[in-house]
Amino acid sequence: MKELELMYRGSLRSCNYQCSYCPFSKRRSSDRELLKDREQWTKLLGRLEEGAEGGSIRSFLLVPYGEALLHPWYWEGLARISRLPGLRGVGAQTNGSFSVENSLELFCRAGGDLDRLRLWISFHPEMTSVEEFVKTCRRLHRAGVRLCVGGVGVPENLPALKKLRRELPEELYLWINRMDGMRRAYTEEEAEAFRRIDPYFPRELAMVPADPEECQNRRFLTGDGRVEICNVSHKGKEGQCVSKRCSCYLAYGGRAHFMNRILFGPEPVFRIPRRAKAVFLDICGTLLPGDEARRGVAGPRARGRERIPGWVRSGLEGLKGDGIPLFFATTLPYGEAKRRCREIWPLFSGGVFAGGGHVVIREGGKVQETYYPMDRGVLSAAGSVREIYGGRLFTYRSKAGIYKVTLVREHGRLWGEAEVAKARELLLEHEKGIRVFAEGECLEIVAEETSKAEGVRRICRQLGIRPEEAAGAGDGAEDQGMMELFQESGL
């Protein structure tokens with residue numbers, strides 16, 4: 001059964017604010033319009049409780065065009081949704097103009113689970129002061145509500161947004177949305193000023209091509225019964241998204257992409273940062289996507305024509321700006337990893353290289369390297385395998401000795417499971433204390449005690465953190481042990 005991430009927008013079009021930059025509603029709804037919206041909301045609640053959406057609901061976010069949380073039936077409905085089995089979080093976008101005490105009392109009285117409540121609160125300096133807005137946020141924060149706050153990146157509002165960042169509790173994330181309709185690009189000075197407020201603001205400026213494959217478990221529901229992939233998707237003849245790009249956070253932030261999970265946890269649609277204490281990332285197939293990145297992953301001068309997507313790079317820059325150390329976790333040797341990732345290399349503090357055979361930590365200008373060498377006899381053992389299967393043999397050495405041997409077949413000749421098993425048997429007949437695995441055309445030989453997971457453990461010990469406080473991403477068999485270390489396995 002699918003775990004669905006749902007967003008909902010009813011027919012509500014009224015708002016008590018009148019912001020000049022807002023493209024949405026700036027009027028009050030009639031009683032008839034409010035009744036229609038309430039009926040749509042009630043009907044949706046019934047469908048959700050009956051399981052009519054075809055899967056268990058992992059998260060639910062109310063994304064109205066108007067201000068929904070002024071109306072008690074929305075709080076009562078959020079309370080009902082919060083009790084659904086398997087739900088991780090329920091939330092709403094709001095301007096925060098509701099009464100905190102009365103609203104939370106209503107939510108709890110309706111049986112709401114406060115631990116599951118998430119609020120996305122937008123600051124509108126034309127309609128409220130920094131002082132009043134911060135009071136609201138502090139009340140919610142003290143009540144135990146998880147929230148994020150933010151505002152539109154209007155250049156003229158920079159002084160107010162800077163003040164807001166100073167006045168808010170440090171642990172509350174302040175996001176900045178790109179201003180649509182500005183009819184010009186941000187200047188470098190403006191972009192940098194907003195980045196200093198929100199380290200992830202560059203993601204708002206990056207081009208994010210649409211990819212429906214990353215959106216299979218989410219649905220955007222409307223009051224009139226339509227179902228889309230997200231708030232900006234448009235259905236083609238096959239009922240799929242045909243949008244060219246994901247043009248706002250709800251679109252790109254809700255995708256099942258490793259960067260979203262690392263930045264904002266298992267329910268990134270709520271935009272509440274995960275803030276892992278370290279991040280470990282595979283290179284081939286993860287940072288460098290596509291088949292070309294997966295092939296020849298360990299051979300010298302591997303093809304690697306793919307570039308790291310701009311919106312992934314902006315996420316890495318945001319993590320670095322947020323003070324979170326980044327580490328590679330790769331089968332590639334150090335030099336090849338550096339060549340293929342040179343555009344992002346300065347953002348990283350070392351990593352696990354050569355399948356765990358080489359661990360590097362850079363801290364405060366100092367470099368700590370650890371190699372895990374094998375006995376020299378591994379070369380003759382690898383030569384015996386080469387005589388049977390062919391290919392080119394590459395050896396990686398340090399002063400401590402040989403820490404990795406790679407047998408690379410010609411392009412396109414991947415190693416099968418039976419071949420790997422036979423090669424492992426032959427190698428272990430001649431040499432003990434080694435680990436043998438294959439990726440693409442490469443048969444890899446490293447010391448028995450090494451792996452990405454062991455390298456991650458070593459780095460975490462050096463940083464003084466537990467592995468479950470870190471996060472990571474990888475898409476291969478070699479990454480499974482590493483991913484099991486992290487609190488949210490598979491992110």
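Helix axes are taken here as lines fitted to C-alpha atoms over the stretch in contact, and the angle between two of them runs from 0 to 180 degrees between N-to-C directions. With that in hand, a tour of this predicted model can start with a pair of helices. Helix H1 (residues 31-50) packs against helix H2 (residues 72-82) at an angle of about 5 degrees, and the two axes lie 10 Å apart. Because angles under 35 degrees count as roughly parallel, H1 is roughly parallel to H2. On the H1 side, the contact is made by Leu34, Asp37, Arg38, Trp41, Leu45, Gly46, Leu48 and Glu49. Their partners in H2 are Trp73, Tyr74, Gly77, Leu78, Arg80 and Ile81. Sorted by class, this contact has 8 nonpolar, 2 polar and 4 charged residues.

Helix H6 (residues 188-197) offers a view of how a helix can divide into two sides. Its buried residues are Glu190, Ala191, Ala193, Phe194 and Ile197. Seen down the axis of H6, these residues fall within an arc of 160 degrees, so they line one face of the helix. Turned away from that buried side are the exposed residues Glu188, Glu189 and Arg196. The cover over the buried residues of H6 includes helix H5 (158-167), strand E6 (174-177) and H7.

Helix H7 (202-205) also leads on to Glu214, which sits in the loop between this helix and strand E7 (218-222). Is Glu214 buried or exposed? Its relative accessible area is 18%, and since buried means under 20%, Glu214 counts as buried. Apart from neighbours within four places in sequence, Glu214 is in contact with Arg255, Ala256, His257 and Trp311.

Further along the chain comes helix H13 (residues 377-389). Its 13 residues reach 19 Å from the first C-alpha to the last, close to the 18 Å expected at 1.5 Å a residue. Val378, Ala381, Ala382, Val385 and Tyr389 are the buried residues of H13. They fall within an arc of 95 degrees when seen down the helix axis, so they too line one face. An α-helix has 3.6 residues a turn, so residues three or four places apart point the same way. On the face of H13 turned away from the buried side are the exposed residues Ser380 and Glu387. Covering the buried residues of H13 are, among others, strand E14 (392-398), strand E15 (401-408), helix H14 (417-430), strand E16 (434-439) and strand E17 (442-447). Just after H13, Gly390 takes a positive phi of about 75 degrees.

Technical notes: Residues are numbered from 1 along each chain as its sequence is written. This is a predicted model: local features need pLDDT of at least 70, side-chain atom pairs count only at pLDDT 80 or more; totals for chains, interfaces and linings use all residues. Side-chain values use heavy atoms; hydrogens and water are left out. Helices (H or I, at least four residues) and strands (E, at least two) are DSSP runs, numbered from the N terminus. Buried means under 20% relative accessible area, exposed over 50%, partly exposed in between (1.4 Å probe, protein chains only). Contact means heavy atoms within 4.5 Å. The expected span of a helix is 1.5 Å times one less than its number of residues. The arc is that of the directions from the helix axis to the C-beta atoms. Angles under 35 degrees count as roughly parallel, over 145 as roughly antiparallel, 65 to 115 as roughly perpendicular and the rest as oblique. Ala, Val, Leu, Ile, Met, Phe, Trp, Tyr, Cys and Pro count as nonpolar, Asp, Glu, Lys and Arg as charged, and the others, Gly among them, as polar.
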